[in-house]
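Visitor: Please take a close look at one residue of this model: where it sits, what surrounds it and how it relates to the main pocket.

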Amino acid sequence: MAALEELLESFPENERNAFKSLFERYHFTESQKLEILKDEADLRQWREPSFLTVVAYPALDNRKDGRKGDAYINMMRDYMKNLRSNETDYSSFTPEVHPRLKYRTVLVDKPIVPGRCPCPVDGEKTRCCKLTTIDPVEQCAFSCSYCSVQAFYSEKEIHAVDNLRSKLLTLELDENVWHIGTGQASDSILLGDDYGTLTALSAFAEQHPQIVIELKSKSERDVFKGKKYPENMIFTWSLNAPTIIKKEEHLTASLTGRIKNAERARDNGNLVGFHIHPMVYFRGWNEEYPEIARTIEKYFSPEDICMISIGTLTFTKSLLKKLRENGEESKVLEMELTPAAGKFSYPLSVKEKMFSTVYNSFSKEFRDNIFFYLCMEDPSLWRPVLGREYPNDKSFEMDMKRHYFEKIGALRN
C-alpha cells in the first residue's frame, strides 16, 4: 500500500518504529493502519499529543473479545472527533515557519492557455461563476499553510511568462469569456511589474473593454504609484482574521497592509474587491471576522467595491496527502473533514453560521449596493446566508456580469 508507506516514511525513525510496534501488537487492517497514520500526521501538525501517548493500553490489553485493534481505532476516532468538532484553539499555538528554498524568478517561454475555475464541472455541487483563468506567473513566495500552489509547482522557481504582452494581444478568446482571473497559480501582484506582467495585462484589458481582468492578492506591494490601469482591471484582496494571517498565512501582508494597498488601488482609479476567504472556524472567529466587515466599511464606500466573496477551507485528497507528508505545523486540518463536491470542508451547518455572521456584519447599504457571493460553496447555502439563490450556474454568472459592468460603467462616467 504505497500511500501507507509514503506517510510512514514522513515520520522520524523513532516514531516509525513506535507505529510498527503498535501494528504488531494489535491486529489492524491495512486501511486501519493508514487511518492511524493520517490521524497521527494531523496531530503532529497541530502540535497535539500523539494518541500513542494517551491511549489506555491496560484497558485494551485486558479485553477478552479479540477485538483490541477495533477498540483502539474506536478510541482514536473519539479522540480525534473531540478535537475536530470544536472551534480550533490558536491561543497557545505558535508554529515554526520552516524556511523554504530561496526562490528565484525566471522567464519561461510558454503559451498562455485559458483555464477554468476549479469548481466541479457539473455545476450541481457548487454554484460556479465560470471564471476563466490565465497564469502569467506560476508559484508563490508566500507560504500559506493551506495553499495548493506549493504542491503543483517547483519549490525552487517562480515562473513568469516571457513576451507576455504579445501572447495576450494575439490570444483567441471564446466569445462567452468575460471574466478572467490571474490569481490561481500565484499571487497576482507578487512580482509587481518587474517582468512586465502588469503592463501586459493593462494592454490586454484595453484591447478587450468587454472583459473584466481580476487580480487577486495578499500583498502590500505598491504597484500603483506612477502607473494607471484600465477601469476593467479590478484589484482584489484575500482578507482573513488577524489570528489566521499570523498563524497560517505566513510571509503575507497583515490585514492592515492589505487594506492600505486596496486604498491605493481605489485612489488610483480602479475598483477593488475582497475575498473573505478562507474563513476558519477558530476560537474567536465570531469577533475577528465581523471586525473585517467593519474595517472595510471604515475605509471604503459601496461605490469603491465591485464585489465581496465569502468562502472557507476546502481540500482535495491530493492536497491532504501533501500537507500530511510535509508535516509542517498548522491547525488547518483540525476540523471536521466533511465530503463536499468531491473535496473536504466544514459541515454545512458550520459554514452557514460563519457565512451568515460575516455577511450580516455589513450594513444594509453595503449589502444592497455590492455584489456578495459564495465562492465554490453548496447552492443550499445561498438563501439562508445571502437571502437569494440561483437556479443554475448561468443565472449566477449573468447576474455577476451585470453587477460588475454596472460598477465599471459608473466608474467610467
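Guide: A polar contact is a pair of N or O atoms within 3.5 Å; within protein, one must be able to donate a hydrogen and the other to accept it, and residues adjacent in sequence count only if both atoms are side-chain atoms. Thr252 makes one such contact: a polar atom of its side chain is 2.7 Å from the backbone oxygen of Glu249. This is a predicted model, in which local features need pLDDT of at least 70 and side-chain atom pairs pLDDT 80 or more, while totals for chains, interfaces and linings use all residues. Residues are numbered from 1 along each chain as its sequence is written, and side-chain values use heavy atoms, without hydrogens or water.

Thr252 belongs to the loop that runs between strand E10 (249–250) and helix H10 (255–267); helices (H or I, at least four residues) and strands (E, at least two) are DSSP runs numbered from the N terminus. With a relative accessible area of 14%, Thr252 is buried (under 20%, with a 1.4 Å probe and protein chains only). Leaving aside residues up to four places away in sequence, Thr252 touches Phe142, Cys144, Lys218, Ile245 and Arg258, a contact being heavy atoms within 4.5 Å.

As for the pocket, Thr252 lies 16 Å from Gln184, C-alpha to C-alpha, and 68 residues from Gln184 in sequence. Gln184 is one of the residues nearest the centre of the largest pocket, along with Ser148, Gly183, Lys216 and Met376. The elements that give two or more residues to that lining include helix H6 (149–152), strand E7 (179–181) and strand E8 (212–217). A pocket is an open set of points on a 1 Å grid over the protein atoms alone where a 1.4 Å probe fits, with protein on both sides within 12 Å along at least five of seven lines; lining residues have an atom within 4 Å of a point.

Definitions and conventions: Buried means under 20% relative accessible area, exposed over 50%, partly exposed in between (1.4 Å probe, protein chains only).
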